[in-house]
Amino acid sequence: MDYLCFRALCCKGPPPPRPEYDLVCIGLTGSGKTSLLSQLCGESPENIVSTTGFSIKAVPFQNAILNVKELGGADNIRKYWSRYYQGSQGVIFVLDSASSEDDLETARNELHSALQHPQLCTLPFLILANHQDKPAARSVQEIKKYFELEHLHVENAGSLNPAPWMIWKQ
Ligand SMILES: Nc1nc2c(ncn2[C@@H]2O[C@H](COP(=O)(O)OP(=O)(O)OP(=O)(O)O)[C@@H](O)[C@H]2O)c(=O)[nH]1
Ligand SMILES: [Mg+2]
């Protein structure tokens with residue numbers, strides 16, 4: 001009897017191995033990267049502190065495991081982000097949709113730098129419009145327009161396709 005058929009019938013035996021993917025998660029401090037990853041791992045949202053350096057979490061989904069490396073977003077850490085991009089297979093950029101104009105501009109500059117980086121520019125990009133529960137939160141349409149993603153020219157992509165991107169709200 002084929003192994004999958006055997007499992008379906010008796011529900012015994014170890015689960016089949018799931019493919020694993022390495023992702024990098026970036027965004028300004030306070031955007032909610034650690035909160036998001038803790039939530040996805042079913043951990044308590046309490047006692048979350050700002051990430052100094054980086055932290056890695058294995059996020060289990062039904063069909064895959066995502067090994068997500070969160071890079072701390074404080075001013076003095078962001079300049080080191082690119083040292084940790086190597087080996088990534090996808091990018092999550094978390095955004096505080098209700099942030100000040102200054103922080104939104106900083107986030108836009110950081111996002112554009114990441115999208116242009118040779119090690120990220122061809123990878124799938126998810127931009128997560130977080131903090132949507134706040135009254136001041138901007139809509140996905142507003143963010144898309146402000147970030148000028150449709151017109152972004154990715155020079156480093158060369159002959160490869162530029163990074164496919166999408167915006168979700170949380
Ligand atoms: N209202 C609201 N608060 C949020 C949301 N996401 C995160 N927070 C809060 O924002 C604060 C910062 O969240 P973190 O997850 O530590 O942010 P971070 O992006 O990991 O920050 P760094 O590690 O410093 O880069 C915490 O107090 C969270 O509870 C959200 O969607 N809405
Ligand atoms: Mg964090």
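1. A residue is taken as near a molecule when its C-beta atom, placed from the backbone, lies within 6 Å of it. In this predicted model, 19 residues stand around ligand 1, and those that come nearest are T29, G32, S50, T51 and G73.

2. The make-up of that shell deserves a remark, since its residues divide into 13 polar, three charged and three nonpolar. Among the elements of the fold, helix 2, which covers residues 33-40, gives the most to the shell around ligand 1, with three residues.

3. The UniProt record, an unreviewed entry, places the feature "binding site" at T34 and T51. These two positions span 18 residues in sequence, but no two of their C-alpha atoms are more than 7.6 Å apart, and therefore they gather at one spot. T51 is also one of the residues that come nearest to ligand 1.

4. The first of the annotated positions, T34, is found in helix 2, the element that gives the most to the ligand shell. T34 counts as buried because it has 21 C-beta neighbours inside 10 Å, the threshold for a buried residue being 20 or more. When residues up to four places away in sequence are not counted, T34 touches I48, T51 and E70.

5. The other annotated position, T51, lies in the loop between helix 2 and strand 2, the latter covering residues 54-60. Is T51 buried or partly exposed? With 18 C-beta neighbours inside 10 Å, T51 counts as partly exposed. Its contacts, leaving aside neighbours within four places in sequence, are with T34, E70 and G72, so that E70 appears in the contact lists of both T34 and T51.

6. Two further points concern the surroundings of T51. In sequence, T51 and A74 are 23 residues apart, while in space the distance is 8.3 Å, C-alpha to C-alpha. G73, for its part, is listed with T51 among the residues that come nearest to ligand 1.

7. Beyond the loop that holds T51, strand 2 pairs in the antiparallel sense with strand 3, residues 65-71, over seven bridges. The two strands form a hairpin with four residues between them, and within this pairing V59 stands opposite L66 in strand 3. As a general matter, the side chains of a regular strand alternate between the two faces of the sheet.

Notes:
Residues numbered from 1 in each chain as written. Chains lettered and ligands numbered in written order. Predicted model: local features only at pLDDT ≥ 70, side-chain atom pairs only at ≥ 80, totals over all residues. Nonpolar A, V, L, I, M, F, W, Y, C, P; charged D, E, K, R; others polar. UniProt positions renumbered as here; feature names shortened; annotations may be inferred. Buried ≥ 20, exposed ≤ 12 C-beta atoms within 10 Å, placed from the backbone. Contact = placed C-beta atoms within 7 Å. Pairing = 2+ DSSP bridges.
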